[in-house]
Amino acid sequence: MYSENPDRFSGDPSHFVAWALARLPSSSRPLRILELGCGVGRDSRVLARAGHRVVAVDHSRVAIERARGRRDNPPGLEFLEDEGLARLARTASKSLDVVYAHGVYMGFREEELDELVKGLARVLRPRGRHLFAVRATIDPHFGKGREVSKDVFWGGPHPTPMHYYRRETLARFTPPGFVRFAEELREDLALWYVGDRRR
Ligand SMILES: C[S@@+](CC[C@H](N)C(=O)[O-])C[C@H]1O[C@@H](n2cnc3c(N)ncnc32)[C@H](O)[C@@H]1O
């Protein structure tokens, strides 16, 4: 995707990052943030410019090379070519304040979501937060292609299976011991904006 389209996700930051910035835990020190599926880093730069220490990973080598090559990368930002769950597994327990992901989990299989939820419960500190955005079933592409499992469509406009979320299915992201403190359907973008925090 990134090789074929040099401008993919390279423009303005997502709308979601402003929403997320307003929902970071309050702290007198820089927060430690892990961004999963950072693409070319348009949101990573915003988070780091706000004074936080950001590790941003993507499994696309092309995306990470492009992200690293930017001249406007602020201090406190590190880009790594890595698979998100593998990175989470290598992250020390209770070492992060925030895990951030914009538009990433729709391709995760059920067992990968289980692994994600376990990983979040392990790496996030007390008061730590998981802030993420996923595609909603109101998306015009919902229902296109073949339904390979509930709400997962393959063969429509996306090259890989795509999970569209409804309010009920969003609950599966909340690890035990966490509480959902924010959940918003952005109808204009067909995205759910979600925040979970450790109790
Ligand atoms: C829709 S793009 C969004 C990119 C970025 N978050 C943004 O908003 O600009 C999803 C990104 O997630 C990455 N991705 C998907 N699954 C991943 C995984 N398991 N590990 C790491 N990166 C992943 C893809 O390579 C892609 O760059």
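Which residues line the largest cavity? In this predicted model, a search of the whole structure finds one cavity of 30 Å³ or more, and about 30 Å³ of space lies within the largest cavity. Its lining is made up of Lys144, Phe153, Trp154, Gly155, Gly156, Pro157, His158, Thr160, Met162 and Tyr164. Sorted by class, these residues comprise five nonpolar, four polar and one charged.

Two of the residues in this lining, Phe153 and Met162, also face each other across a strand pair, since Phe153 stands opposite Met162 in β8. The pair in question joins strand β7, which covers residues 152-154, to β8 in the antiparallel sense over two bridges. On the other side of the arrangement, β6 and β7 are likewise described by antiparallel pairing, here over three bridges, and Val152 in β7 is the bridge partner of Ser149. The connection between β6 and β7 is a hairpin with two residues between the strands, and Asp151 in this turn has a positive phi of about 65°. Taken together, the three strands form an open sheet with the order β6-β7-β8 and antiparallel pairing. β6 (146-149) and β8 (162-163) stand at the edges of this sheet with a single partner strand each, so one side of each strand is left without a neighbour in the sheet.

A further hairpin is formed by β9 and β10, with four residues between the two strands, and Ala190 in its turn has a positive phi of about 55°. Strand β9, spanning residues 178-186, runs antiparallel to β10 and is joined to it by eight bridges; within this pairing, Glu183 has Val194 in β10 as its bridge partner.

The largest pocket has a volume of about 1300 Å³. Of the 40 residues that line this pocket, Met1, Phe9, Gly103, Val104 and Met106 are the closest to its centre. Strand β10 (191-198) is among the elements that give two or more residues to the lining, together with α1 (15-21), β1 (32-36), α2 (42-49) and β2 (53-58). The composition of the pocket lining is mixed, with 17 nonpolar, 13 polar and ten charged residues.

The surroundings of the ligand were examined separately. There are 15 residues around the ligand, of which Tyr2, Arg42, Asp58, Glu83 and His102 come nearest. For two of these residues, a polar side-chain atom can be placed with respect to a particular ligand atom: that of Tyr2 lies 2.5 Å from an oxygen atom of the ligand, whereas that of Glu83 lies 2.6 Å from a nitrogen atom of the ligand. A contact through the backbone is found at His59, where a polar backbone atom is 3.2 Å from a nitrogen atom of the ligand. Taken alone, the ligand exposes 600 Å², and the protein buries 86% of that area.

Key
Residues numbered from 1 in each chain as written. Predicted model: local features only at pLDDT ≥ 70, side-chain atom pairs only at ≥ 80, totals over all residues. Heavy atoms only, no water. 1 Å grid on protein atoms, 1.4 Å probe; cavity = no way out; pocket = protein on both sides within 12 Å on 5 of 7 lines; lining within 4 Å. Points joined across faces, edges and corners; volume = space filled by probe spheres on them. Nonpolar A, V, L, I, M, F, W, Y, C, P; charged D, E, K, R; others polar. Pairing = 2+ DSSP bridges. Near = heavy atom within 4 Å. Polar contact = N/O pair within 3.5 Å; in protein donor to acceptor, adjacent residues only side chain to side chain. Areas by Shrake-Rupley, 256 points an atom, 1.4 Å probe, with all protein chains shown as cover.
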